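Here are my notes on the model you sent, set out point by point. Please read them with the coordinates open.

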Amino acid sequence: MSTPIRQLLEIITKSVDTLEAACQSSGLAIPNLHEPFAPPSEAFRTIPAAAEAANLISAAALQLEAILTPPHVSLYHIVGGHFKSAALRICLESNVTEILREAGPQGIHVKDIAAQNQQDPEKLARFLRYLATHHVYREVEPNVFANTRISSMLDTMKPSAEIIADPKHKHDNTMGLAALACHHLDEAFKGSAYAWETLADPATVSSGDPTASPFARALGQGEGMWKFYERPEEEFRRHRFGIGMQGIEALQPPDAILNAYPWSSLPAKSIVVDVGGGVGNSCLTLASKFPSLKFVVQDLKGVIEQGKELWNTKMPAAIESGQVRLEVHDFFTPQPETKATVFMLKQIMHDWSDEYCVKILTKLWEAASPATTLLLLDSIMPLACHDPSADGPHGIPGSVAKEAPPPLLANYGAANEMGYNADIDMFLLFNSQERTAIHFTELLAETGWKITAIHRQPGDSTFLQCIEATRTDKKKGGQISGRVAT
Ligand SMILES: C[S@@+](CC[C@H](N)C(=O)[O-])C[C@H]1O[C@@H](n2cnc3c(N)ncnc32)[C@H](O)[C@@H]1O
């Protein structure tokens, strides 16, 4: 019987063979850590076998590290999470990545970085060296630093002189990832410092209210994040958040909404109601691909006004013909569409705690018929252990994500961390959450819905999965135990 470290090594060896063979036969390169990110450096991930091999290698390497590194050092990778966040925030806000990009791969001395961004060179060198220890930046020679593919993700691609002179507009017309990182290293970072205080307070420990979030305690002076952003003095943060959200959207595959559900199986004239549909981005894609279906986009007044402008520019014919309707509707009030074939809620559930989701889902249940389909498009968090519901013959199709082979963690461990980051972020900012399939099952049963299938995006175990449910006769009532899933 081989030891766990041998088993992990075998996974790595086999996966490296697979990855190299896939890259060789397709003419695609394995990324170079020292080169800036560019879309071609990630192209190998479009080959499913190569993407899976890369995931397995990362998961196994991280697990080997957990076994072999002294435990206090591993512990301090986590304890020191906010040390790294602080160092990264300093480099990000002081535009180090842009200065390094202009210097090129040979790097630039920290004194010359400091001369440009007005930071203290001695301190900056320490932050850069700390981050270089984690492959974010590279110390090419003593006190000379360069970008890596990781730090290059923070690049606004603007001239450093421009953003140093005009920091307020740094993120305008950018891809949005730097804006998103700035937001996380500011609003979420500050909230995280008060997470325990929030849960140690009997007034907020079990509350599902957005005003009981760590953010509200840390920065909002009792106000949730949306209210906080309405303050005139918070215009910069609000604007930056919007750019960051566009950045996330740009990372999503454009056909994610098309892959989410077998839309072509819906009969002609079916009515799809996009509840909390924003300006209607999903329906823009669906309406042009499926002209025989009808769509209603519902959201709050201001968003629907914005949506009208968008549709009048992008697809006015759909509005004129009545194929698409934009409707002001607050989803906590009675649902006016009682003839819906489909109620679709994309990235709505994760904005709200269970007590609010129960209210939203109940309003839909009241307006639905037994023929109505409910679609929840959200992330589904895998368990960190094997999911035993995969073993039985009667499970919900698609409810269990692809699991990694033992001795790896079933969820691919920290190689698959992004979804869990999002879950903690939702807690810190909104007192809401991402959910496991078990939790969704409970939440829906509580409100009179039954999951019939989970449609998973190809090759992705957490992001934007689609839960399909039908209306049942009875609401279950009682506590949702999915929070502490058994
Ligand atoms: C995370 S966005 C998702 C938007 C859209 N479904 C998408 O995936 O692009 C959440 C949306 O919920 C909307 N929203 C928030 N509270 C609402 C309410 N009470 N009634 C209707 N919509 C609401 C917001 O305006 C926003 O457009």
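1. Residues 196–388 are 40% helix and 14% strand, and the C-alpha atoms at the two ends of this stretch are 32 Å apart. This is a predicted model, and the percentages here describe that prediction. The stretch corresponds to an annotation in UniProt, where an unreviewed entry gives "domain: O-methyltransferase C-terminal" at residues 196–388.

2. A second annotation, again from an unreviewed UniProt entry, is "domain: O-methyltransferase dimerisation" at residues 77–154. Over residues 77–154 the chain is 56% helix and 12% strand. The end C-alpha atoms of that range are 22 Å apart.

3. Which residues come nearest to the ligand? Of the 15 residues around the ligand, these are G276, D299, D330, F331 and K346. By class, the shell is made up of six nonpolar, five polar and four charged residues.

4. Three polar contacts to the ligand deserve a look. A polar backbone atom of G276 is 2.8 Å from a nitrogen atom of the ligand. The side chain of D299 places an N or O atom 2.7 Å from a ligand oxygen. For D330, a polar side-chain atom lies 2.9 Å from a nitrogen atom of the ligand. On its own the ligand has 590 Å² of accessible area, and the protein covers 78% of that.

5. The second largest pocket has a volume of about 370 Å³. It is lined by 18 residues, and those closest to its centre are S207, F427, N431, S432 and Q433. Two or more lining residues come from each of α10 (195–200), α18 (354–367) and α19 (418–430). The largest share, three residues, is that of α19. By class, the lining of this pocket has five nonpolar, nine polar and four charged residues.

6. How many cavities of 30 Å³ or more does the structure hold? There is one. The volume of the largest cavity is about 160 Å³. Its lining consists of 20 residues, and M381, P382, L383, D387 and A401 lie nearest the centre. The classes in this lining are 11 nonpolar, five polar and four charged residues.

7. Two backbone details should be checked by eye. Most residues other than glycine have a negative phi, and most peptide bonds are trans. The peptide bond from P406 to P407 is cis, with omega near 5 degrees. P407 is located in the loop between β8 (373–378) and α19, and α19 is also the element that gives three residues to the lining of the second largest pocket.

8. The other backbone detail concerns N95, a residue other than glycine with a positive phi, near 65 degrees. N95 sits in the loop between α4 (81–93) and α5 (96–103). The range that UniProt lists for "domain: O-methyltransferase dimerisation", residues 77–154, takes in this loop.

Technical notes: Residues numbered from 1 in each chain as written. Predicted model: local features only at pLDDT ≥ 70, side-chain atom pairs only at ≥ 80, totals over all residues. Heavy atoms only, no water. 1 Å grid on protein atoms, 1.4 Å probe; cavity = no way out; pocket = protein on both sides within 12 Å on 5 of 7 lines; lining within 4 Å. Points joined across faces, edges and corners; volume = space filled by probe spheres on them. Helix = DSSP H or I, 4+ residues; strand = E, 2+ residues; numbered from the N terminus. Nonpolar A, V, L, I, M, F, W, Y, C, P; charged D, E, K, R; others polar. Near = heavy atom within 4 Å. Polar contact = N/O pair within 3.5 Å; in protein donor to acceptor, adjacent residues only side chain to side chain. Areas by Shrake-Rupley, 256 points an atom, 1.4 Å probe, with all protein chains shown as cover. UniProt positions renumbered as here; feature names shortened; annotations may be inferred.
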